[in-house]
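Colleague: I'm new to this one and would like a close look at a single part of it. Could you pick one helix, walk me through how it sits, and then show me what lies around it?

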Amino acid sequence: MSHSRALRAVECLRTQAMTASQALPESENPEPHSAAKNLQAALDAEALAMSKNPQSAFHGKTGNGRHLRETSQTVGLAFSGGGIRSATFCLGVLQALASRKRLASFDYLSTVSGGGYIGSWLSAWIHRKGLAEVQESLAQADNVNTSTAPASSEPAEIVWLRRYSNYLTPRVGMFSMDTLTLLATWMRNVLLNLIILLAFFALLFTLPYGLLRGYDALATYGHISGYAAAWGGLFFTFCIGYNLWHQGLRIKRERNGLISVPGVILTVIVPGVFSVVFAVIWWIDSQPGWDTAFANVCYLAGLLLALQLVWVLAELAERKPWKQLLCDTIVQCLAGAVALICGVLVIAAASYLLPVSRVDTLEYKIVLLCLAVPVFLAALGVTTTVYTGMVGRAYYERSREWWSRLNAWLMTIAFGWAIWCLLTFFSLPLLEWLQSHMGNWISLLGTGWIGSLLASMFLRKPESASVKKQIRIEHYLNIASAVFVVGLVFVAAAATQKALLAIADRTPAPVFDKDYLPAFWAIFQGKMPSIGALTVNNPDTWGIPVFLVAIVVLVGVTLLFAWRVDINKFSLHNMYKNRLVRCYLGASNQQGRNEQPFVGLDDDDDLSLHLLNRKSGDERVPQLPLQIINTTLNITQGADLAWQERKAASFAFTPLFCGYSLERTQGDTTSLRVTDSSKQPDPAYRPTDVYAALDLEEQGFTLGMALATSGAAVSPNMGRASMPMLAFVLTLFNIRLGRWSPNPAQSQWGSPSPRFGLLALLYELLGLSDERSRYVYLSDGGHFDNLGLYELVRRRCAVIIAVDASADEQREMTDLADTIRKCRVDLGVDIRFNQLNNFRGDANALCTQGYLIGEVHYDAQNVGKLVLIKPSLASLRNEPADVLNYAIQNPTFPHQTTADQFFDESQFESFRRLGKLIGEQCFDDPLVKQLLRVRKPAPPPVPAKAITEGRSHFTDFIGWLLKRAPSLRPSRDGSLVDLFLEMLAVTLITAGIFFVLDRTLFNVSSQFCFRLADCMGVAQQQFNSVPSPGQSTAGEWRVALDNLFVLLYLSVFLLGYKVGCGKHWKVWLLAVVPLVTALSDYAENFMILSWLNGHASVDQIGALAMLTWMKFCGFALSVILLVTLAPAIKRVFIKRWFG
């Protein structure tokens, strides 16, 4: 780190400490400096800060930020995206403004992508030299010597841009060091990327071998698996009933986690899948006949009837009419019986079709592993479908929709399981079979697969093509990407199996005669010895199965590299950023430049974004024009259909605040939390000086980082252009210019990037991103608004000068139309042009002028002006000779493709000169001159009052015990400690009842053992006795009650840890202890059930003893941890009720 950067770091920390110390008196400043703000609060604070600058339209006015915005007429300048083409054209426009002394007329500078190149260049120059000097230097463009030899007066900052017009590789040539460095950086990052992803894929295709070993281990506990399946199915059914009961209640997502999508997954789908797995193990192991199957079905039916009784009691407690309750009970019992019979018939049919009787043969065991679980899930789907149909009109439509969504999840899991296992075990035999039968055709198939990769990476939509042609090319891209992805997954599975089998069994594979074409099943059977060696204890690997060693190694490699390889620093983002910073921000840092001579980069070229606020005494005043760097917050997944086309929202970086605000037509969060049009969304803006400021290497979020993010045109997630299959390919080969940034609305807003990048990398691989995660995926601002108008309209600028330098050869105004549409839909602001069709030009796209004046209708009383400047060739062809010559030689000028980021001298000068020419014509227009002086008011919407919530029943109960009046009881927020106390009381009462029942009804005395030897003795004593029929019945009832008690004490421990630790990460570490304890307790109970029904064996004594020992030790440790946290829980309770 350079000396000046270290000084800036100290200064930044001192400034933040000073700000924090000033915020200490709560009465004067109750909100800490780093607190999140919503859109209106951020804009108010922005106006107050800008009012301190004499150049601002807010200066000289009094009042709060909202009053300033209502009484001021601001002017905004917008530079569109378009890569270096836009940057160079906008440079000419800036020179035209400077020559007419109009640079100081602007309050805001909104930039997107390529427009951000030149906008950041201007901001850095103003920061270092001041606006007066910058305006004077930019205005100089003529011969500086009037009597001697002519010499250009062009400032050094523009000369620097000419030198680095090829900013990616300044030294041109295929084998130049700049080009090779670019290639080496990409290859390094791809290698690190592939290590993580391929290790993860190999891990996925190794895990199914563990299922084989797991089945062998559980096969001796088939009856226990049956009980586990029955009780798991009971819990599954109970959670379904809970969700359906909630269908008729008012729902607030934050308070009903169990009925949310994650809640349903955890409480319904996961238990259902585990029940199916245990049922499959029982089914394969016992191979039940009709008598056994009937008995087990009756056992399950009895459990379901008990659950039905619980429902009846709950409905009676709600005072439901008994006639309706009786009718509903009969209908539900009848529907359940019919559905259960249908499910049993499906499983019976599967018993005849699948090779259950040949399970002792490894190849048939693999077939069952691949297909049995999907078949049972299908049976579960049939059961739920029949049940829904039989219930009929007793269910509302919303309940039927719920069942359909559940079946969709079950279908997805079934297909996923089948594909996962089939690829794991059959990909290599299928590849060898294809090779033996197709001969040289397999090479042609591989060539086509590689061709699909090349098409995915290099086939791009022509920017000047029609929309229909672009859609057609998108379809081709999707197909090519899908072909490659399918082939890659198949090859990865085959390669993983090949490597594992080669390690496990070194005997040569069977060799078939060249004239003999083996059947696929013969090739598959030939792999069985190697698969068998893979799953048994291997002396070469310390007596551990090879697959288990492979899993440990792959997990270690994946976790290590995902932890250490930063997902942002080792993408193309930093490579792209470094070269943009050198070209555009280094232009104003030439004096005293301290570049590293080997690479030509200087850390001081870049600067922290919040430093674009000049110091004035003890405070910082925003530099004008205040730059708004527009990026895109990708929201490719969600339920709101209003934004399914755009898949994005605006994320803005300014020197004051960074963040986003979702309008009512964007995002899941807004659709759930903002139902009133006047209410503001959740706060998602953070002060720039603290946002992502924990990275000491970068010293906060820098101007270069924002600049590169705004120009991240090629990314796996690209707003409305996102395609999941293409995202897979781009992520795999590290073609990732976008950035994972902390979500300002979440708790990790200070961290610059994810500490563990595997999840973010997988989200990027699958094209998944939204606004609810702790880190959001940001890409090119043009993926949402390519003109930069959206944020200026949000600020209700009275005058906007917009430069649209996008590639628009047919002058279809696509980007303009897209922005107008978003402003109308999201903000209720209409933008109109009276002569837009004439502005398109003639058949050759030649225009009478390169600018057009329109109107921005904020509301009926406030109408702003919009001046649109667009690269255009005049119908009179009065451009300078060199520009005209370049246009003749390059017919696509001035709309050459954005993919061309390697400008030569003639190209750079032609775009710059054309921008200066059109800018001079525009700013000499009297109407435009007048607009730059006139300002109009722009009042913001008034936010609605906050809506208060009721209290939970356990809060009211504690308030009643404390004799606290209802109006003085705390709100629902923070009521977790109340729930903990109530659950603790219920658990203690249940434990007392349990103790009494053990002494009286069950005649059982609990034997505690904290040494494994003692537990072994207890297990031997129990298994050596034979239970009588009466003992079996009483024991089964006691196990059922004990299962309930396990749920109670697990809930108490988890709630207590959560209350005591708060949001600290240690709560998840502590939760492992009671979870393991509860699982051990459940497993012990299932083994006791097996013993009570006469299915236990001597081989199970060791396992029972181990489970008993783990249960008692885990319970004791859990109690100790809870007692340790008791003071913290007490403080939380006192603060809530008395603090």
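Modeller: Sure, and one term has to come up front: a residue is called buried if its relative accessible area is under 20%, exposed if it is over 50%, and partly exposed in between. Keep in mind that this is a predicted model.

Let's take helix H29, which covers residues 881-889. Its buried residues are Val883, Tyr886 and Ala887. Those residues span an arc of only 100 degrees around the axis, so they sit on the same side of H29. Now look at the face of H29 turned away from that buried side: there you'll find the exposed residues Ala881, Ile888 and Gln889. And what covers the buried residues? Strand E18 (873-874) and helix H30 (905-923) are among the elements that do.

The loops on either side of the helix deserve a look too. In the loop between E18 and H29 you'll meet arginine 877. Its phi is positive, about 50 degrees, although arginine 877 is not a glycine. With 31% relative accessibility, arginine 877 counts as partly exposed, because that value lies between the 20% and 50% cut-offs. The loop between H29 and H30 holds proline 894. A cis peptide bond joins phenylalanine 893 to proline 894, with omega at about 5 degrees.

Both of those features turn up elsewhere in the chain, so here is where to find them. Another cis peptide bond links leucine 624 and proline 625, with omega at about -5 degrees. Proline 625 belongs to the loop between strand E6 (619-622) and strand E7 (626-634). As for positive phi, arginine 811 has a value near 50 degrees, and it is a residue other than glycine. You'll find arginine 811 in the loop between E13 and helix H27 (814-827). Arginine 811 is buried, at a relative accessible area of 1%.

That loop brings us to strand E13 itself, residues 799-803, where 5 of 5 residues are buried. In a regular strand, side chains alternate between the two faces of the sheet. In E13, Val799, Ile801 and Val803 are on one side, Ile800 and Ala802 are on the other, and all are buried, so both faces are covered. E13 also has partners. Strand E1 (residues 75-79) runs parallel to E13, and 5 bridges join them; here valine 75 stands opposite valine 799. Strand E17 (residues 863-869) runs parallel to E13 as well, again with 5 bridges, and in E17 lysine 865 is the bridge partner of valine 799.

For an example of two helices packing, go to H5 (residues 114-129) and H6 (residues 131-139): their axes are 7 Å apart, at an angle of about 120 degrees. That angle makes H5 oblique to H6. Residues making the contact include Trp121, Leu122 and Trp125 of H5, along with Leu131, Val134 and Leu138 of H6.

Finally, stepping back to the whole protein chain: it has 38 helices and 18 strands. Of its 1139 residues, 51% are buried. Among contacts with a separation of 6 or more, 78% are between residues 24 or more positions apart. The chain exposes about 53100 Å², and carbon and sulfur atoms supply 63% of that.

Key
Residues numbered from 1 in each chain as written. Predicted model: local features only at pLDDT ≥ 70, side-chain atom pairs only at ≥ 80, totals over all residues. Heavy atoms only, no water. Buried < 20%, exposed > 50% of the residue type's maximum accessible area, 1.4 Å probe, protein only. Helix = DSSP H or I, 4+ residues; strand = E, 2+ residues; numbered from the N terminus. Arc of directions from axis to C-beta. Contact = heavy atoms within 4.5 Å. Pairing = 2+ DSSP bridges. Areas by Shrake-Rupley, 256 points an atom, 1.4 Å probe, with all protein chains shown as cover. Axes fitted to C-alpha atoms, helices over the stretch in contact; angles between N-to-C directions. Parallel < 35°, antiparallel > 145°, perpendicular 65-115°, else oblique.
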